[in-house]
Amino acid sequence: MTTQELQRHFDKEILFLPGACQDLPFTRIELLDDQKLLLPHVLYLGSYKKFSQLCSDWKIEPAVSLLIADVQDRQIPASACTFPECIMVSPLSLESLFNRIHVIESQQPPSLTDIWEQIMTRRLLSAEDIRDALLPANDNPTVYLQQLLLRPEGGSPGIQLSQVQELFPDGIIIPYQKGIIILRLHTNQLFRFPLPDALETWLIDHKCILCVGNATRDFSMIRTNALLLFQTCRLGRILRQPNQRILLLGDYQLMIMIDNCVKEFIRQHGHFDICYLAHPALIHIIRYDRCHQSNLQEVLYRYLSSGGNVKLTAEMLYMHHNTVLNKLKKIHELLDLDLTDSLLRQHLLLSCQLLEYQEKILKQPLNWEKKYD
């Protein structure tokens, strides 16, 4: 339900304060009870006395709604007060408001947030049930559903659902936890779906990142795709390039596989020393780098990730072409391995990514003095 829908049910018995956002969704109701932090997408219901006691000390996140009972006019003293995005007042008593709102809620169909919560907690499992709940009016049997996850970062000015709906006018917008799920429907399967113009500028202005998932026809796999997006968000916040705002699931799938592999390795072995999964040749290179203050590991990583393209490696590292060739020659001398072997290159590249995970995600630098080989 939204605050605007609630106000319509009460007619003139609930009024918005001037300047309040009049169309904020809320997923549950809580009574004001000495909270120090007001959470998003919650309608807080309290008396004027309780409001006066709390308003100078609490911390308010975006998309918070507040309804104050027992107020005879719309004037609320603002001195030393921090206001939520939406604040409403009513002359009705707290008990009357609380009871009537719950009667209204019991008559409402489940919200999109409720439906999404049922999907994520496996209370909606079958493809047919999920499809009927999310798309009751859609009868296209071959629709592809793509998920996007919009997450604010620290210092975000807050996101209003109406703004997101303007960016994705045909999307299904669902507030969930501390982010927003965006569902987009496509009639064809594409591997790079178009995104709105000026999206990156919007993300910068609102201090948000957007994780873009793949599309599927199998609605029973929506939860799996969502969990992969959450994993992309967690890893991408650490591994992304500076100022990168759009994270594609496809760019992080290999790191997600490493993430799952490492969790199982730690569970089985009881320690975080995942270097035992890496090729020993890479450990040898790292030891050389530590002793000689060189960067052969980084050169090898970029060389392998660029498919063995020396020119592209030089551009990525801001090095001269000949400098890269000299460093690759040194790598050949140290390893005495055939780097044209495709399986070896794949193993070394995976080992580079594994050690990047260890340093950046686990924050466990390699103990290069330890005997791994």
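The exercises below, each with a worked solution, concern a predicted model.

**Exercise 1.** Determine how helices α10 and α11 are oriented to each other, and which residues meet between them.

Solution. Two packed helices are described by the angle between their axes and the distance between the axes. Helix α10 covers residues 280-292 and helix α11 covers residues 296-305; their axes come within 8 Å and cross at roughly 140 degrees. Angles over 145 degrees count as roughly antiparallel, and 65 to 115 as roughly perpendicular. The crossing of roughly 140 degrees falls in neither class, so α10 is oblique to α11. On the α10 side, the residues in the contact are Leu282, Ile285, Ile286, Tyr288 and Asp289. They meet Leu296, Gln297 and Leu300 of α11.

**Exercise 2.** Classify the crossing of α11 with helix α13 and list the residues that meet.

Solution. Helix α13 spans residues 321-335, and the axes of α11 and α13 come within 10 Å. They cross at roughly 100 degrees. The class from 65 to 115 degrees is roughly perpendicular, and α11 is therefore roughly perpendicular to α13. From α11, Leu296, Val299, Leu300 and Tyr303 take part. Their partners in α13 are Val324, Lys327, Leu328, Lys330, Ile331 and Leu334. Leu296 and Leu300 of α11 also appear in the contact with α10.

**Exercise 3.** Decide whether Leu66 and His41 are buried or exposed, and name their contacts.

Solution. Start with Leu66, which lies in strand β6 (residues 65-69). The relative accessibility of Leu66 is 0%; buried means under 20%, so Leu66 counts as buried. Not counting residues up to four places away in sequence, Leu66 touches Leu32, Leu43, Tyr44, Phe51, Trp58, Pro84, Cys86, Ile87 and Met88.

Next, His41 sits in the loop between β3 (37-38) and β4 (42-47). With a relative accessible area of 11%, His41 is buried because this value is under 20%. Apart from neighbours within four places in sequence, His41 is in contact with Pro25, Phe26, Thr27, Arg28, Ala63 and Pro175.

**Exercise 4.** Find the separation of Leu66 and Ile283 in sequence and in space.

Solution. Along the sequence, Leu66 and Ile283 are 217 residues apart. From C-alpha to C-alpha, the distance between Leu66 and Ile283 is 58 Å.

**Exercise 5.** Place Leu254 in its helix, classify its exposure and describe the surface patch to which it belongs.

Solution. Leu254 is found in helix α9 (residues 249-269). Its relative accessible area is 37%. Buried means under 20% and exposed over 50%, so Leu254 is partly exposed. Leu254 forms a nonpolar surface patch with Met257 and Leu350. Together these residues have about 270 Å² of accessible area.

Key. Residues are numbered from 1 along each chain as its sequence is written. This is a predicted model: local features need pLDDT of at least 70, side-chain atom pairs count only at pLDDT 80 or more; totals for chains, interfaces and linings use all residues. Side-chain values use heavy atoms; hydrogens and water are left out. Patches are made of residues with over 30% relative accessible area and no salt bridge: like charges are joined within 9 Å, nonpolar side chains (Val, Leu, Ile, Met, Phe, Trp, Tyr) within 5 Å. Accessible areas come from the Shrake-Rupley method with a 1.4 Å probe; for residues, only the protein chains shown count as cover. A salt bridge is a side-chain nitrogen of Lys or Arg within 4 Å of a carboxyl oxygen of Asp or Glu. Helices (H or I, at least four residues) and strands (E, at least two) are DSSP runs, numbered from the N terminus. Buried means under 20% relative accessible area, exposed over 50%, partly exposed in between (1.4 Å probe, protein chains only). Axes are lines fitted to C-alpha atoms, for helices over the stretch in contact, and angles run from 0 to 180 degrees between N-to-C directions. Angles under 35 degrees count as roughly parallel, over 145 as roughly antiparallel, 65 to 115 as roughly perpendicular and the rest as oblique. Contact means heavy atoms within 4.5 Å.
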